[in-house]
Amino acid sequence: MIADWEKQIRDAFYITANGDFEDNHFQDVIWEMSLTAFDKPREVQVVVDGKMNLSISAGDPGFVWFKDEPVGLTMPIECWIHTHPFGKAYFSGTDWKTIRTWEPLMKMAIVLGDNQQMYWIKGQTQTIYYQYTDIPDWIDNQTILSDFTKTVPYPHYTPFRDVLEEE
Ligand SMILES: [Zn+2]
């Protein structure tokens with residue numbers, strides 16, 4: 001349980017990410033808080049409004065934000081971010097209903113899953129899906145570059161010389 005989970009999200013946004021809601025670290029913090037800050041994994045939702053103020057809430061998986069009109073937010077909403085703690089990043093039927101409702105006043109929506117994300121961007125006809133996978137551990141089999149460079153230089157290599165400097 002993490003008492004200051006909301007502050008950690010705000011700090012990641014304003015300090016580390018410098019107000020960039022597409023920042024990887026900021027999104028990682030939201031995801032981590034969603035999994036670890038509560039008695040059980042809970043859906044975390046962050047709304048970035050037109051003045052870059054954050055409205056943060058948490059609920060049960062499937063919890064519906066935007067059921068009531070958000071109070072105190074400056075329109076248009078820059079981005080609506082929420083997590084799917086079960087891991088799959090896609091827009092559910094409920095999510096699409098929210099997006100359709102708020103489309104006139106919302107520029108972007110992002111759903112975060114386990115090493116995956118889906119973006120909806122206003123005006124585009126397709127969503128964007130990202131999945132992150134680890135790079136395999138290659139340390140043991142990697143050719144060391146300094147070994148390789150021993151076979152260089154070229155036999156007939158001529159250094160570049162600026163023609164203007166020729167005598
Ligand atoms: Zn959702």
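How many helices and strands does the secondary structure of the protein come to? The assignment yields four helices and six strands, where helices (H or I, at least four residues) and strands (E, at least two) are DSSP runs numbered from the N terminus. Along the sequence these elements follow the pattern α-α-β-β-β-α-β-β-β-α. The model is a predicted one, in which local features need pLDDT of at least 70 and side-chain atom pairs count only at pLDDT 80 or more, whereas totals for chains, interfaces and linings use all residues. Residues are numbered from 1 along each chain as its sequence is written.

Of the 167 residues in the protein, 21% are buried; a residue is termed buried if 20 or more other C-beta atoms lie within 10 Å of its own, exposed if 12 or fewer do, and partly exposed in between, with C-beta atoms placed from the backbone. Contacts were assigned to residue pairs whose C-beta atoms, placed from the backbone, lie within 7 Å. Among contacts between residues at least 6 apart in sequence, 54% join residues at least 24 apart.

The six strands form an open sheet with the order β2-β1-β3-β4-β5-β6 and mixed pairing, two strands being taken as paired if DSSP finds at least two bridges between them. The edges of this sheet are β2 (54-59) and β6 (128-131), each of which pairs on one side only. Neighbouring strands are turned by 15° against each other on average, direction ignored; for such angles, axes are lines fitted to C-alpha atoms, for helices over the stretch in contact, and angles run from 0 to 180 degrees between N-to-C directions.

Within the sheet, strand β1 (43-48) has six of its six residues buried, so it is largely enclosed by the rest of the structure. In a regular strand the side chains alternate between the two faces of the sheet. In β1, E43, Q45 and V47 point one way while V44, V46 and V48 point the other way, and all are buried. On one side, β1 is joined to β2 by six bridges in an antiparallel arrangement, and V46 has I56 of β2 as its bridge partner. The pairing of β1 with β3 is also antiparallel and extends over four bridges, with V47 standing opposite W80 in β3. Strand β3 (residues 79-83) is in turn joined by four bridges to β4 (residues 108-112), and these two strands run parallel; here H82 stands opposite V111 of β4.

Several backbone features were found in the loops that link the strands. The hairpin of β1 and β2 has five residues between the strands, and in this loop M52, although not a glycine, has a positive phi of about 65°. M52 is partly exposed, having 14 other C-beta atoms within 10 Å. A second positive phi in a residue other than glycine, near 60°, is found at N115, which lies in the loop between β4 and β5 (116-121). N115 likewise counts as partly exposed, with 13 C-beta neighbours inside 10 Å. In the loop between β2 and β3, which holds P76, the peptide bond from M75 to P76 is cis, with omega near 0°.

Definitions and conventions. Two residues are in contact if their C-beta atoms, placed from the backbone, lie within 7 Å.
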